[in-house]
Amino acid sequence: MSLRPFSRRSFVLGAAGVTGLGVLSACAPGEEAPTDAPAGSPSAVESKDPSQLGDITLVVWDQEVRGSQNDALEALNKAFQDKYPNIKIERKSQSFDDLKAQVSLALSGNDVPDVVQVNNARADMGQFVKAGQLTDLSPYATTYGWEDRFPTSVLSKVRYSADATTFGEGNLYGLPQTGEIVGIFYSQKKLDSLGLKVPTTWDEYFEQLDAALAKGEQPMVLGNVDKWPALHVFGPLQAKYVTPEEIVKLGMGNAGASWTDDANKQAMTQFADWGAKKYFGSSPNGTDYDAAWNDFTKGTGVFLPGGSWLGTDMEAVMGEDLHFIAPPPAVDGKLATTGGTGIPFSIPAKAKNVDAAAAYIDFITTSDAMKLIAENGGFPVLDTAALAPEKGVQKEIFEAFDKVSQEGTLLPYLDYATPSFSDTAGQGLQEVLGGQRSPEDVLGDFEADYKEFTGQ
C-alpha cells in the first residue's frame, strides 16, 4: 500500500452483490497444504483444526468500510463462521485513517484484536515489527502452503527481518487479498488518429510522446498537486535506467544502493525533461489528481501513466477506447513496474487466538476467495489472469499484473523507503517537474534521507 487516493483502491466490488459463497472453503492446518515445505522454511505449527479450538470470539479490525467492500468481507466472514460455528467473528470496521491511528495505540497495550489490517510501509508495519508488536506468520505459511500460493514478489511486500532493518526479506507479517499495478493507460482513438502503435519498448514510447507533441497533442496526463502522483510516473520510468534489484533496495529502504549514481541521474533527467517540454501540459503541479484523469476521459492527452484503481471509473466514460499496458521491459529486459497489494491482514503479537486468526487469514486468501472477489468486480492478488474479465481494460489490467508478478518484478512504491521518504520524494519530484531544482540537487536529498535511515 502506498500514498494514493483510498477511494481509488483496486478492491471495489460491483453493485451486483456478493456471489459464489458456495465454493468457498478453508483448510485446517495440514488439510490441503503441500506436505513438503519450501527449502529454508521454518517448521510448521502444530496442526489444529479450527473447529476443534473450542468456542472463540475472534476480534477482527479492518478498514473495508465502503459499501461493496464491506459486503464482500461480511460474506467471507459469514462463510467462515458457517464452516466453523464455534468461532464467532466480532468485527470492527473503520476508515483507513481511523484504523491507522487506533492500531498504533492498541498494539502498545494488552487489549488487541486477533486480526488487524496493517499498512505494510516502514512507517507502520516496519515500526510495529521493530517493537515486537506483530506475530511472525512464517510457521503458518509453512503449514498452510502460503509460500506456494503467493508469488515471491507479493510476499516480499509483507516481509521484514525481525529487527525491521531489512524490508522485503525475512519473516512474514501479513497476507493481502488484493493487488494493484501502475502502468500506462491510452486512448486507442488517439493512437489511431496519430498513426501510432502500442509501444513495446521505452524508446518506442519516447518516440510516440515526441510525435504526439509535434502534432499538437498533450503526450501524457498528470495531476500532481498532491505530490505523490509523480511517484507513479517516475517509479516505472526509473526501471528504464536502473536495475530492478537496485530499485528494490532503494524503495525498500535497504542498505547497499545509491540515489546519486549515473543511472538514477539519467532517469531523473528524463523526468525533468518531460516537465520542461510540457509533456504533461502547462501545469501538472497545479492540477488535481481526479481532475487530471477526468480530463483524460474527455480527450486530453494520449497516455496516462497511473494505477490500476483508475480503470473502473475511466472505463465507465471511455468504454472500449480505453486500454492499459504494463510499462515496457526494464533495463534488464524483464518486465518491472511499481505495484503492490491492498492492506495486508496481520496478527498482533498479543492476540489471544493466534491459531484461529491464522485460519481466518488463510480462509480469506484462498483461491476460492479470490474467485469470489473477481466475480464481483474486485482485483484479486492471486490467479489474476485466470480470473480476468473476458474483455475490456480490466482484462488487460488483470493480465498485466499477473505477468509482472509472476515473471517480472513488482517494484515497491518509493515512499516505502523510509518513514519520511513520501515527503522527501513528493517534494523533490514536484520541484524537478516544475524546474525549480535540478535533478542532481533533488537526488542529493533522496540520498541523504535514504542514507540517514540505513546508516550508511
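Which element provides the largest share of the lining of the largest pocket? In this predicted model, that share, four residues, comes from helix H10. The pocket, its position between two domains, and the surroundings of H10 are described below, after the overall make-up of the chain.

The protein chain contains 18 helices and 11 strands. Of its 456 residues, 57% are buried. Among contacts with a separation of 6 or more, 78% are between residues 24 or more positions apart.

The space in the largest pocket amounts to about 360 Å³. Its lining consists of 18 residues, of which Ser 156, Gly 168, Glu 169, Val 248 and Met 252 are the closest to the centre of the pocket. Two or more lining residues are given by each of helix H6 (152-155), H10 and S11. By residue class, the lining comprises six nonpolar, seven polar and five charged residues. Lining residues come both from domain 1 (50-134 + 136-172 + 343-380) and from domain 2 (180-341 + 393-454), and the largest pocket therefore lies between the two domains.

Helix H10 spans residues 244-252. Its buried residues are Pro 244, Glu 246, Ile 247, Leu 250, Gly 251 and Met 252. Met 252 is also one of the residues closest to the centre of the largest pocket. The buried residues of H10 pack against four helices and two strands by name: helix H3 (122-130), helix H9 (231-238), helix H11 (262-276) and helix H18 (439-454), together with strand S9 (336-341) and strand S11 (409-411). S11 thus appears among the packing partners of H10 and among the elements that give two or more residues to the pocket lining. After H10 comes Gly 253, which has a positive phi, near 70°.

The loop between H10 and H11 includes Ser 258. This residue has a relative accessibility of 17% and so counts as buried, the cut-off being under 20%. Ser 258 lies 12 residues from Glu 246 in sequence, and the C-alpha to C-alpha distance between these two residues is 8.2 Å. Ser 258 is in contact with Glu 246 and Leu 250, and also with Asn 264, Glu 447 and Tyr 450, when neighbours within four places in sequence are left aside. Glu 246 and Leu 250 are both among the buried residues of H10.

A separate feature of the chain is an open sheet of four strands, with the order S2-S1-S3-S10 and mixed pairing. The edge strands of this sheet are S2 and strand S10 (345-346), each of which pairs on one side only. Strand S1 (residues 56-62) is largely enclosed by the rest of the structure, because six of its seven residues are buried. S1 pairs with strand S2 (residues 87-93) in the parallel sense, over seven bridges, and Val 59 has Glu 90 in S2 as its bridge partner. The pairing of S1 with strand S3 (residues 115-117) is likewise parallel and involves two bridges; here Trp 61 is partnered by Val 116 in S3. S3 and S10, by contrast, run antiparallel and are joined by two bridges, with Gln 117 opposite Phe 345 in S10.

Technical notes:
Residues are numbered from 1 along each chain as its sequence is written. This is a predicted model: local features need pLDDT of at least 70, side-chain atom pairs count only at pLDDT 80 or more; totals for chains, interfaces and linings use all residues. Side-chain values use heavy atoms; hydrogens and water are left out. Buried means under 20% relative accessible area, exposed over 50%, partly exposed in between (1.4 Å probe, protein chains only). Contact means heavy atoms within 4.5 Å. Two strands pair if DSSP finds at least two bridges between them. On a 1 Å grid over the protein atoms alone, a cavity is a set of points where a 1.4 Å probe fits but cannot get out, and a pocket is an open set with protein on both sides within 12 Å along at least five of seven lines; lining residues have an atom within 4 Å of a point. Grid points are joined across faces, edges and corners, and a volume is the space filled by probe spheres set on the points. Ala, Val, Leu, Ile, Met, Phe, Trp, Tyr, Cys and Pro count as nonpolar, Asp, Glu, Lys and Arg as charged, and the others, Gly among them, as polar. Domain bounds come from an automatic or database domain assignment.
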